[in-house]
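Please open the model in your viewer and keep the selection tool at hand. The tour moves from one selection to the next and says what is to be found at each stop.

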Amino acid sequence: MQELDVDKLRGEFPSLEREVHGHRLVYLDNAATSQTPRCVWRAIEDMYIRHKANVHRGVHTLSQEATDLQEATRRSLRDYINARSEREVIFTRGATEAINLVASSFGSGFPDGGEIILTVMEHHANIVPWQLLQSRKNLKLRVVDINERGELDLDQYRSLFNDKTVMATFAHVSNVLGTINPVKEMTRIAHSHGVPVLIDGCQAAPHLKLDMQDLDCEFYTFSSHKMYGPTGIGVLYGKEELLERMPPYQGGGEMIDHVSFSGTTFAELPFKFEAGTPDFVGIAAYCEAIDFIGRTGLAAMEAHEEDLLRYTTARLREEVPGIRIFGDAAAKSAVISFLIGNEHPYDVGMLLDGLGIAVRTGHHCAQPLMERLGIPGTVRASFAAYNTRQEADAFIAGVKRVAAMLG
Ligand code: PLP
């Protein structure tokens, strides 16, 4: 495995050098969004300075360059996730829009009374689109529970399938518990019942090797901004034969073949699902983020993040009296959700911010999970490859100080 030179890596992220309230920033809110390396925002600058022209529309040089740069990102993503073809890679405004696209378009074919299996650990982005569909189609949502370690109850998952099941959908990695779900096995189980699968890969794409052909799911989605890329871009992977059969999600320019008032025909994949001018500047720069991950080495990044997770978890458990850590799965990503005694997560988060430590507080867009755990929210620290043991130490010292302040 490639060695990770964290100091060199940090050199690519000037934002990590800033001060907050007189302290060097310790950025541990990476599950919400990661910081962005120089190569990515330089690429954005380059797009604005040299290649700002609308894509897929012009014969002029700038437009062709912008189009080539956008399509190069699509090919990079195809390789990153090992899709069969770039026709299976659709750009959206985020994972949220991608899930809405599937619920609205693929879901339009669900029969009345169908059942959708999802899990109690889903982000609202993978709950509410199905609820919106539910109200139109009289669908039933069947929810898989977790055990005390924060792992999905696979026996219950298996038992929920019946002849009414139309879809199974689940997070690859929980944004609260860090649990890495056995998605390949879960997909295999769904397929044994003839049920298609959508995987929410937002928290997996920045950390884990992805292989769509091996996973064999029908749909998979993630967002660029959580994987060192620009904001406002999501990716929907879908199996070509399904995407071909699905109706368009939105109408407009770019997604048509021919428009007349007597009828409109639609563009081929993937453009059929990309109505309107895309964020071609961001998409072009996203390629740099994928290259950055490739250069750095995903396996080395993952190993480093796992080291930070183990180290920080062990020390917090040992040194902070009254700490409760939520999520102790055997397979866990570098996310630590916790509470100190009965202190409100906002108070803890505010005090940590005063020490220059950025963590997330609240329900993390997972209110059903909070309800299941019987808590209002948590404090969440989440690591990226550029975080260091010194930052973990500063975070642990900060938590101890806050715990002492709050008594
Ligand atoms: N799913 C999970 C597991 C997430 O963590 C997030 C974002 O936090 C989303 C979906 C939504 O992603 P976006 O807001 O980029 O569309």
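How many residues line the largest pocket, and which of them lie nearest its centre? The model is a predicted one, and in it the lining of this pocket is made up of 24 residues, with His 123, Asn 175, Cys 202, Gln 203 and Lys 226 lying nearest the centre. Select those five residues and centre the view on them.

**The largest pocket**

The space in the largest pocket comes to about 400 Å³. If you colour its lining by class, you should find 10 nonpolar, 9 polar and 5 charged residues. Next select helix α4, residues 95-106, which gives the largest share of that lining, namely 3 residues.

**The second largest pocket**

Keep helix α4 selected and add strand β4, residues 89-92, since the next stop is a second pocket to whose lining β4 and α4 each supply at least two residues. This second largest pocket has a volume of about 250 Å³, and among the 17 residues that line it, Phe 91, Thr 92, Arg 93, Glu 97 and Ala 275 are the closest to its centre. Coloured by class, its lining shows 8 nonpolar, 5 polar and 4 charged residues.

Before leaving helix α4, select Ser 105, which lies in that helix. Ser 105 counts as buried because its relative accessibility is 2%, and the cut-off for that class is under 20%. Setting aside the residues within four places of it in sequence, Ser 105 is in contact with Met 246, Pro 247 and Phe 273.

**The cysteines**

Return now to Cys 202, one of the residues nearest the centre of the largest pocket. Cys 202 counts as buried, with a relative accessibility of 12%. Why does Cys 202 form no bond with the closest cysteine sulfur? That sulfur belongs to Cys 365 and is 11 Å from the sulfur of Cys 202, so the two are too far apart for a bond; a disulfide would need the sulfur atoms to be within 2.5 Å.

Select Cys 217 as well, which is buried with a relative accessible area of 0%. The cysteine sulfur closest to that of Cys 217 is in Cys 202, at 14 Å, which is again too far for a bond. The structure as a whole holds 0 disulfides.

**Tyr 80 in helix α3**

Now select helix α3, residues 61-81, and pick out Tyr 80 within it. Is Tyr 80 buried or exposed? Tyr 80 counts as buried, because its relative accessibility is 12%. Show its surroundings, and you will find that, apart from residues up to four places away in sequence, Tyr 80 touches Ala 205, Lys 209, Leu 210, Met 227, Ile 290, Ile 293 and Leu 298. Ala 205 deserves a distance label, for its backbone oxygen lies 2.7 Å from a polar atom of the Tyr 80 side chain.

**Asn 30 and Ala 385**

Move on to the loop between β3 (26-27) and α2 (38-50), where Asn 30 has its place. Asn 30 is buried, its relative accessible area being 5%, and its side chain is joined to that of Asn 387 by a polar contact of 3.1 Å. Beyond residues up to four places away in sequence, the residues that Asn 30 touches are Gln 35, Ser 382, Phe 383, Ala 384, Tyr 386 and Asn 387.

Next select Ala 385, which sits in the loop between β17 (378-382) and α14 (389-406). At 1% relative accessibility, Ala 385 counts as buried, and, with residues up to four places away in sequence left out, it touches Leu 4, Val 6, Leu 9, Tyr 228, Met 301, His 304 and Glu 305. For a distance to check in the viewer, draw a line from the C-alpha of Ala 385 to that of Ala 334: the two residues are 51 apart in sequence and 9.9 Å apart in space.

**Gly 178**

The last stop is the loop between β7 (165-171) and α7 (183-192), where you should select Gly 178. Gly 178 counts as buried, with a relative accessibility of 0%. Not counting residues up to four places away in sequence, Gly 178 touches Val 173, Ala 331, Lys 332, Ser 333 and Val 335. A C-alpha to C-alpha line from Gly 178 to His 124 spans 16 Å, for a separation of 54 residues in sequence.

Key:
Residues are numbered from 1 along each chain as its sequence is written. This is a predicted model: local features need pLDDT of at least 70, side-chain atom pairs count only at pLDDT 80 or more; totals for chains, interfaces and linings use all residues. Side-chain values use heavy atoms; hydrogens and water are left out. Helices (H or I, at least four residues) and strands (E, at least two) are DSSP runs, numbered from the N terminus. Buried means under 20% relative accessible area, exposed over 50%, partly exposed in between (1.4 Å probe, protein chains only). Contact means heavy atoms within 4.5 Å. A polar contact is a pair of N or O atoms within 3.5 Å; within protein, one must be able to donate a hydrogen and the other to accept it, and residues adjacent in sequence count only if both atoms are side-chain atoms. On a 1 Å grid over the protein atoms alone, a cavity is a set of points where a 1.4 Å probe fits but cannot get out, and a pocket is an open set with protein on both sides within 12 Å along at least five of seven lines; lining residues have an atom within 4 Å of a point. Grid points are joined across faces, edges and corners, and a volume is the space filled by probe spheres set on the points. Ala, Val, Leu, Ile, Met, Phe, Trp, Tyr, Cys and Pro count as nonpolar, Asp, Glu, Lys and Arg as charged, and the others, Gly among them, as polar.
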